[in-house]
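Okay, thanks everyone, I'll keep this short. Have a look at the structure on the screen and I'll walk you through a few spots.

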Amino acid sequence: MKKLLILFLKFITPLLVVLLFYVWKDPFKVIWHYDSFYDSEKKISFPLNKDYVSTTTYENQYKTEHYDSFIFGNSRSIIYGIDEWKKYIPVESKAYHFDASAETIYGICKKIEYIDSKGEKLNNVLLIVDHMILNRAESLDGHLFVISPQLTSYENTANFHLQFLKTFYNYKFFPGYIEYTITGKIKPYMTKATLDEEHFLYDKRTNEMRYTIVDKEIEEGKFYTPERMKVFYKRDTVQNYAPQVIKERQKELLNTIATIFKKQGTNYKIIINPLYDQKKLNEDDIAYLIKLFGKETVYDFSGINDITNDYRNYYESSHYRPQVAKKIMKEIYTQ
């Protein structure tokens, strides 16, 4: 029995030490309070869960800021600049980017319910979606994607923190994290598994991120190198359609959103992303969105068109540039 106890302690002690180290350092910023999750001066950071960043930043500030206008969507939605949006909504509006990485229609619905439950206003909304967002009717797993506990009334707290612990103990993350913490030096093997080298400007008040360095490189003709051009694969000249994704669960979530918008008298616009893959949103899905939200509020930029035909409208094959967002906002608000 004594030998078993000693063996157990030998096994469990290193895990406990690592756990205490994890709690102390909090590399994913999900344990301690932070006034701001990002430091624009730092070019190196550990990838964070943007859903948690957006939700917690909102929670920390809504009582003083009293936001009334929101941009919802995945990482593609961050290029819809609030200063540009304010050209089309009341100038006194208090706007906030409530985005998440690999966002789901479930996550968007929960965010809208969350704001409404606090008695806060949703006067203006931009809902930036695509067939991938609409297809996802439940929270995703993974430390970068799992939904924030605040949005589920803390029902998923255990699973939420488990996702981060699994990543921290993972052999692809832990060695690089320890080495960088001790030495402060970056090794090639660290960048994808451990560190985020993208530099951006961050506004805590609006939760807005701007990738100014990349746009400067594009302006100077330095960005679209032969190596980067490899990601812009050749598309079919025949229009292809995404599979139907709005099914019963998606309809429940979309109906909840529509009900809250109606109750609040929200001025909303729904934008279907112009993705590089040029897949058109399924006709039945478009028909359902128009039937539920109204033809005058649904704008479909998916498929083959003047935006998606030009690779210069994209950073890579997943994210389009701010110039496209400006064009879209001008079109939907002035037509």
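Let's start with Ser153, which is exposed, at a relative accessible area of 59%. Before I go on: this is a predicted model, so please keep that in mind throughout. Ser153 sits in the loop between α5 (131-135) and α6 (157-169). Its phi is near 55°, a positive value in a residue other than glycine.

Next door in that loop between α5 and α6 we have Tyr154. Tyr154 isn't a glycine either, and its phi is positive too, at about 70°. Is Tyr154 buried, partly exposed or exposed? With a relative accessible area of 48%, Tyr154 comes out as partly exposed, because the exposed class needs over 50%.

Okay, on to the helices. For those who don't do this every day, a packed pair of helices gets described by the angle between the axes and the distance between them. Our pair is α11, residues 248-264, and α12, residues 283-293. Their axes are 10 Å apart and the packing angle is about 30°. That makes α11 roughly parallel to α12, since angles under 35 degrees count that way. As for handedness, the crossing of α11 and α12 is right-handed.

So which residues meet there? From α11 you get Lys251, Leu254, Asn255, Ile257, Ala258 and Phe261, and on the α12 side it's Tyr288, Leu289, Leu292 and Phe293. Sorted by class, the contact of α11 with α12 has eight nonpolar residues, one polar and one charged.

Stay with α12 for a second. Its buried residues are Asp285, Ile286, Tyr288, Leu289 and Phe293. These cover an arc of only 160° around the axis, so they lie on the same side of α12. What do they pack against? The partners of those buried α12 residues are α5, α11, β6 (267-272) and β7 (298-300). Flip α12 around, and the face turned away from the buried side carries the exposed residues Glu283 and Lys291.

Last stop, Lys25, which belongs to helix α1, residues 2-25. Lys25 counts as partly exposed, at 33% relative accessibility. Leaving out residues up to four places away in sequence, Lys25 touches Tyr177 and Thr181. And if you want a distance to check on your own screen, take Lys25 and Trp85: they are 60 residues apart in sequence and 38 Å apart in space, C-alpha to C-alpha.

That's my tour, happy to go back to any of these spots.

Terms used
Residues numbered from 1 in each chain as written. Predicted model: local features only at pLDDT ≥ 70, side-chain atom pairs only at ≥ 80, totals over all residues. Heavy atoms only, no water. Helix = DSSP H or I, 4+ residues; strand = E, 2+ residues; numbered from the N terminus. Buried < 20%, exposed > 50% of the residue type's maximum accessible area, 1.4 Å probe, protein only. Contact = heavy atoms within 4.5 Å. Axes fitted to C-alpha atoms, helices over the stretch in contact; angles between N-to-C directions. Parallel < 35°, antiparallel > 145°, perpendicular 65-115°, else oblique. Left-handed = near helix turned anticlockwise from the far one by under 90°. Nonpolar A, V, L, I, M, F, W, Y, C, P; charged D, E, K, R; others polar. Arc of directions from axis to C-beta.
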